[in-house]
Structures are given as C-alpha cells and as structure tokens.
Amino acid sequence: MNHRASPCLVLLAFLVLSPATFAAEGLIHLGPEEIILANRMEIKVPGYSSPSFEDWNNDGLKDLIVGEGGSGALGMIRVYLNVGTELEPAFGDFFYVQSNGKDLTFTPEGCMGAHPRVVQWDADGRKDLLVGLADGTIRVFLNIASDNEPAFDGGTTVKVGSGGLATLDVGSRATPAFVDWNGDGTLDLVAGGLDGAIHVYENAGGAVPPRFHSSPVGGMLVQERDYNLMVPSARSSPAVFDVDGDGTKDLLTGNTNGQILFYKNMGTNSLPAFAGYTFVQSAGKPIQLGGLRTRPAVCHWTGAKDGYWDLLVGYGDGKIRLYRGLPRPGDFNADGLLDGNDFTILVKALDKPVPPGGSPCDLNGDGAVDLLDLRLFADLWLAEHGEEG
C-alpha cells in the first residue's frame, strides 16, 4: 500500500536538503500604473503635481496632500481627505491649505509651484508643513491651529550656516525630505534640485526646531563612487527610506525624463554610499512617463498591514499615479513576511482546484498546487531564513 508523505514532512526534508535557488528580491517590484481619482474623476491639478500621503485630520486614515503649480499656474497645496477606508482609500472634494486665514500661495517658476511635506518641525506635537519652492529655497510653516484641523503661520525660510544667518538654497526647484540621514537619531534635511544633485543639511546638535549651523548654503552633496551624485537628466526629487529591506536607507528619485531611479545604499545608515542606479519598474517595465518631471512619494496606500511599500508619483500633466508594491513569491498573505502562516495557506491549497484567474500558491504557474510548489516554497524559505531558520 502506497502512503503519501505529509506536506509537513516533505517541507521539513526540503528545508534541510534543498539548495537555496531563489534569492530575496532587492528592488521594489511595482504593479501596473493607476491614476488616482476624486469624486470618481481623475485628479488633475493645474501645472505639476507633487503628492504625499499623510493623516491630515487625525482620523486614522491617510489623506492626499498635493502641491500644484508651475507652467504659469500659481503654487498652492491641496488636501483631499480620505472618505473611504484604510484598505480602500477614496476621495471627494479638496480644499486649499490655509496660512494666516487665506489660501497659501507661492510664486511659480518653470516646472514647480510647491513641493509640500508634512513634518513635525517644533516640539508642540502638531503637524507642520515643509515646502520646497521653485527658487531653490525651502520654507517651513508652523501649525497655529489644532492638529485635527491644521492651519499655518506666514512661514519662515529655512536658514543654514553659523548662527543660522544664510538662506538654504539648492539653486532651483527644491524638493525636500525630512529624515535622519546620518543615523544620529535627529532629523536632517535632504533636498533635490534642478542641478540633479542630492543636497544634505545635517541637524546640528539634535535641536528641535532643527539647526543647520554646520551646513553651507548648498549643503553637503551625496556621493556616488567618490563623485557628486548627479541624477541623469537632472531635477532630482529624493525619497529616502529602506527600499530593499536590508536595514539601511536607500534613495528613490524622480528626474526630468519622467523616470524613477533606485540608488542602493552600499554603505551604512550613518555613512550612506551609492554606486549606480536601477530603474524602478511597473508591470515588469521601467517607469517611463516622458519629459515632464517625476516627483515620487513613498507610502503604504492600503495601510502598513500589507507589508509592502507603494509609490505615488507626481507629474507634469497634473495627475497622480499610484504603483502598488507586489508581494514576493511565497508571501501568500502579503504581510511582508515568509513564515508559518504562508505555509499554512499553501498546505490548505494543496491539490485543490486552481481558480481560472490563477492562484499565488501555484508558484510554478502550471495550473496546479502540488508538491512541486511545496518544493519551491522550501527553496524560498531557505533563501530567507537559512537552514537554521
């Protein structure tokens, strides 16, 4: 009488004996392009869009904050409140950010009106607003209302240098991010510009509000192979975060040619170092929108529960594009982990009919979930956890 080995015993054997033939993916692999809607119509702001995704009104749902302007349109900042859910964001009408009781506006130039980022600049616990401007400067607007209904003062231009007397200036088209660049536990300024460089202004002494007393007007320029990193076709717009999950911060940036570039950190969290770039892909092909400037923002579009970063991209047609992070093979519940929960899902799917649209458990795509898929899962497990995992 033939006895079929239990799936658990088969997996255990392969965890011990099978070679690791699948390496963990090192880049964000993104799904097809989606255009964000409001009131069931495509969002299309005047001029160039610069989006981010933050909880504006403290209701537990992330909202769209969108800079607009350039090409003759006034620089302004829209807020689209999320009227959907965490897993299914949806948007209705927008309103403009207020400063001293009126719409906050900026002088546009070329391809930029305003590049906003929600930050906590001072120590009052309320969200503030950091805005990169077309003239290369950055202004911070302090929240003078509540954290549930933000409204802002008239703004202050960010200063640098000894005594904080010089005006921060990247030259043109400032696109700031507020991050801990050097791993000292305090937040620094990282900004792109028309020149294609990545300008870093380190927070001196961990001050709140931050002080950039050790930085020159143009900042410290990020290096690539011992040269100043220059984003191809210029107009850098950096997003700084751990792209590949190795524990060190990396760079994503847009550029003039409508691409998104990934620079892997080959150094450490305290001393980032870079050596070349890779094009970020959507549906298996590099993102290539054309010559109207891409400005990316990293987010969890459907909440952090899915375990994968998503990407919002602003562009010169005024629309906002979303590219969702795709779960890697074997992560059947899309929580970002390859663990026993995924094994349980696979075991329950063994020898069951595969739906017409396919199943993620059919790892080899042969139309069946069987022991071949269990072998592949074992290889994926070994690649992530090693033989002692």
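**Close-up 1. Strand 11 (115-119) is mostly covered, with five of its five residues buried.** Strands here are DSSP runs of E with at least two residues, and helices are DSSP runs of H or I with at least four, each numbered from the N terminus. Buried means under 20% relative accessible area, exposed means over 50%, and partly exposed lies in between, using a 1.4 Å probe and protein chains only. This is a predicted model, in which local features need pLDDT of at least 70 and side-chain atom pairs count only at pLDDT 80 or more, while totals for chains, interfaces and linings use all residues. Residues are numbered from 1 along each chain as its sequence is written, and side-chain values use heavy atoms, with hydrogens and water left out. In a regular strand the side chains alternate between the two faces of the sheet. On one side of strand 11 you will find His115, Arg117 and Val119, and on the other Pro116 and Val118, all of them buried.

**Close-up 2. Strand 11 belongs to an open sheet of four strands, ordered 11-12-13-14 with antiparallel pairing.** Strand 11 and strand 14 (156-157) stand at the edges with a single partner strand each, so one side of each is left without a neighbour in the sheet. Two strands count as paired if DSSP finds at least two bridges between them. Strand 11 and strand 12 (residues 128-132) pair in the antiparallel sense over five bridges. To trace the register, look for Pro116 with its bridge partner Val131, then for Val118 with Leu129.

**Close-up 3. Lys249 is buried yet has no salt bridge.** This lysine is found in the loop between strand 23 and strand 24 (250-254). A salt bridge needs a side-chain nitrogen of Lys or Arg within 4 Å of a carboxyl oxygen of Asp or Glu. For charge, Lys and Arg count as positive and Asp and Glu as negative, while His and the chain ends are not counted. The nearest side chain of opposite charge to Lys249 is Asp180, 5.6 Å away. The Lys249 side chain does reach the backbone oxygen of Trp181 at 3.1 Å. Leaving aside residues up to four places away in sequence, Lys249 touches several others, including Gly183, Val240, Phe241 and Asn265 (contact means heavy atoms within 4.5 Å).

**Close-up 4. Helix 3 (residues 371-385) starts with a cap from Asp370.** A side-chain oxygen of Asp370 lies 3.1 Å from the backbone nitrogen of Leu372, at the N-terminal end of helix 3. The helix has 15 residues and reaches 21 Å from its first C-alpha to its last, close to the 21 Å expected (1.5 Å times one less than its number of residues). Its buried residues include Leu374, Phe377, Asp379 and Trp381. Just after helix 3, Gly386 takes a positive phi of about 75 degrees.

**Close-up 5. Two serines in loops, Ser71 and Ser233, have positive phi values.** Ser71, with phi near 55 degrees, is found between strand 6 (63-70) and strand 7 (73-82). Ser71 is exposed, with a relative accessible area of 59%. Ser233 has a phi of about 70 degrees and is found between strand 22 (227-228) and strand 23 (237-241). Ser233 is partly exposed, at 31% relative accessible area.

Key: A polar contact is a pair of N or O atoms within 3.5 Å; within protein, one must be able to donate a hydrogen and the other to accept it, and residues adjacent in sequence count only if both atoms are side-chain atoms.
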